[in-house]
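Please look through the sequence and the model below before reading on. The points that follow are written for someone meeting this structure for the first time.

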Amino acid sequence: MSRGGPLAGIRVLEIAKVWAGPYAGKLLAFLGAEVIKVESRANLDEMRAYGGVDIDSAPYFRSINQEVLSVQLDMKSDEGMAHLRAMIAASDVLIDNLRPGAMERSGLGYEDVRAIRPDIIQLSIKMYGRDGPLGYQTGYAPCFAALGGLNALVGHAGETPAGMNIRYGDSTVGAAAALAIVAALHHRETSGEGQFIDLSAVETLSMMVGDSLFAYGLTGELPQATGNLHADMAPHGCYPCADGQWISLAIADDREWAAFCATIGAQALATDPRFADAADRLANRNALDAALAGLSPEWDAEAMAQALLLAGVPAFRSQSSLDLIGSEALWALGAYRMVSDAKGEPRPIIGPGWRMTPDEASITRGAPLLGEHNHLVYSEILGLSDSEIDDLIARRVIW
């Protein structure tokens with residue numbers, strides 16, 4: 001059933017695990033596509049086991065697979081593969097992030113898939129893409145960030161690189177995958193032609209550090225980790241406050257600096273020649289950060305942030321996960337919503353972060369239980385009878 005949205009009527013088959021591939025699927029589902037995740041009890045998505053009490057209650061899986069349908073299928077059996085090919089024939093897009101060569105060994109390379117449906121769009125996420133001298137390698141988000149050059153730039157000067165949180169690498173790659181699929185759908189709409197999209201996770205992340213590559217080429221200076229420092233702003237960072245809270249500041253010009261000093265009651269900073277103007281503050285930003293870190297532990301982060309905002313200074317208390325889920329403003333925007341799961345129990349879901357008018361997709365489901373939509377796929381899409389489905393379950397083709 002169509003939920004509306006710009007991708008209403010598009011069916012996506014997702015043979016993907018963990019984060020990047022499923023994240024792409026979730027974004028497409030948020031745009032109205034019908035996204036079907038192919039799973040099996042014998043070959044579970046690892047995210048169903050991360051931090052949860054059972055395979056249907058893992059927080060990682062619940063957050064990454066919202067609004068997606070789940071169908072069980074044994075891809076190791078000939079009969080299961082026959083049903084998978086039937087699903088491909090009924091789909092517009094196929095996503096995979098399996099190990100290099102896995103799809104080809106299963107008879108699901110692009111030429112094989114195109115023989116099933118000539119105008120299909122197939123997207124494959126690999127660490128280095130499918131081809132090339134490193135196409136055989138595989139890895140997870142920390143590998144992408146390290147090989148893409150991000151890890152070396154995260155942290156503070158003179159310290160061991162801190163590396164990227166796993167959320168960043170996979171989510172960035174997944175978002176790039178969704179964008180490429182939308183572009184390919186547009187191409188198919190205008191030309192009738194499907195496409196194969198060979199997405200390299202390492203190359204996607206290396207696009208995030210282009211400024212450092214150009215900087216080295218222009219100046220000859222090796223880029224270093226710079227913590228929270230900004231090329232043109234000082235102070236620019238996160239400073240400790242009372243009760244374990246933190247406040248984030250980004251002061252762009254002399255007017256904001258003067259308002260900042262007046263608001264915090266720091267006349268000594270306002271008259272210090274090292275911080276007289278923007279150029280001086282940049283030249284002496286380490287001393288400036290140290291001075292602010294000496295003052296900020298006395299501040300109430302929320303109260304100070306509000307006072308600074310009223311004075312026209314960009315400042316915000318750093319939010320925790322508990323702060324976010326308790327935010328009335330975000331609930332009011334629809335960032336979080338309550339739905340009923342397959343068991344009839346209420347659960348919160350996280351919305352897409354955008355608003356579309358007039359045709360926004362309806363978002364009413366959380367992440368699926370394993371095999372929750374078996375009957376929908378096998379009966380309504382593939383046309384199997386109830387007795388045929390029961391037989392597949394009994395023989396563990398659906399498993």
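**Notes on the fold**

1. In strand 5, V93 finds its bridge partner in I121, and this pair belongs to the parallel pairing of strand 4 with strand 5, which runs over 4 bridges. Helices (H or I, at least four residues) and strands (E, at least two) are taken here as DSSP runs numbered from the N terminus, and two strands pair if DSSP finds at least two bridges between them.

2. The model is a predicted one, in which local features need pLDDT of at least 70 and side-chain atom pairs count only at pLDDT 80 or more, while totals for chains, interfaces and linings use all residues. Residues are numbered from 1 along each chain as its sequence is written, and side-chain values use heavy atoms, with hydrogens and water left out.

3. For general orientation, the protein has 18 helices and 11 strands, and its C-alpha atoms fill a box of roughly 80 × 50 × 40 Å along the principal axes. Of its 399 residues, 42% count as buried, where buried means under 20% relative accessible area, exposed over 50%, and partly exposed in between (1.4 Å probe, protein chains only). Among contacts with a separation of 6 or more, 68% join residues 24 or more positions apart, a contact being heavy atoms within 4.5 Å.

4. Strands 4 and 5 belong to an open sheet of 6 strands with parallel pairing, in the order 3-2-1-4-5-6. Strand 3 (69-72) and strand 6 (195-200) stand at the edges with a single partner strand each, so one side of each is left without a neighbour in the sheet. From one strand to the next the twist averages 20°. Strand 1 (residues 11-15) pairs with strand 2 (residues 34-39) over 4 bridges in the parallel sense, and in strand 2 the bridge partner of E14 is K37.

5. Helix 3 (residues 78-89) lies across strand 1, strand 2, strand 3 and strand 4 (93-96), and runs at about 145° to strand 1. Axes here are lines fitted to C-alpha atoms, for helices over the stretch in contact, with angles from 0 to 180 degrees between N-to-C directions.

6. How many residues of strand 5 are buried? The count is 6 of the 6, so strand 5 is largely enclosed by the rest of the structure. Its two faces are both covered, with I121, L123 and I125 buried on one side and Q122, S124 and K126 buried on the other. On the sheet's edge side, strand 5 pairs with strand 6 in the parallel sense over 6 bridges, and Q122 stands opposite F196 there.7. Q122, found in strand 5 (residues 121-126), counts as buried at 2% relative accessibility. A polar atom of the Q122 side chain lies 3.2 Å from the backbone oxygen of L108. Leaving aside neighbours within four places in sequence, Q122 is in contact with residues including L94, D96, M103, Y110 and I197.

8. The largest nonpolar core has 34 residues, of which V12, L28, V93, I95, L123, V173 and I181 touch the most other members. A nonpolar core is a set of buried Ala, Val, Leu, Ile, Met, Phe, Trp, Tyr and Cys residues joined through side-chain atoms within 4.5 Å. The largest share of this core, 6 residues, comes from helix 7. A second, separate core of 26 residues includes A102, M103, Y378 and L384.

9. In helix 17 (residues 374-381), the buried residues are N374, V377 and Y378. Seen down the axis of helix 17, these residues fall within an arc of 90°, so they line one face of the helix; the arc is that of the directions from the helix axis to the C-beta atoms. Their cover includes strand 2, strand 3, helix 3 and helix 18 (386-394). After helix 17 comes G383, whose phi is positive, near 80°.

10. Helix 14 (residues 301-310) has A301, M304, A305 and L308 as its buried residues. They cover an arc of only 100° around the axis, which puts them on the same side of helix 14. These buried residues pack against strand 8 (246-250), helix 10 (254-264) and strand 9 (315-317). At the N-terminal end, D300 caps helix 14, with a side-chain oxygen 3.2 Å from the backbone nitrogen of E302, and helix 14 is followed by G312, whose phi is positive, near 85°.

Notes. A polar contact is a pair of N or O atoms within 3.5 Å; within protein, one must be able to donate a hydrogen and the other to accept it, and residues adjacent in sequence count only if both atoms are side-chain atoms.
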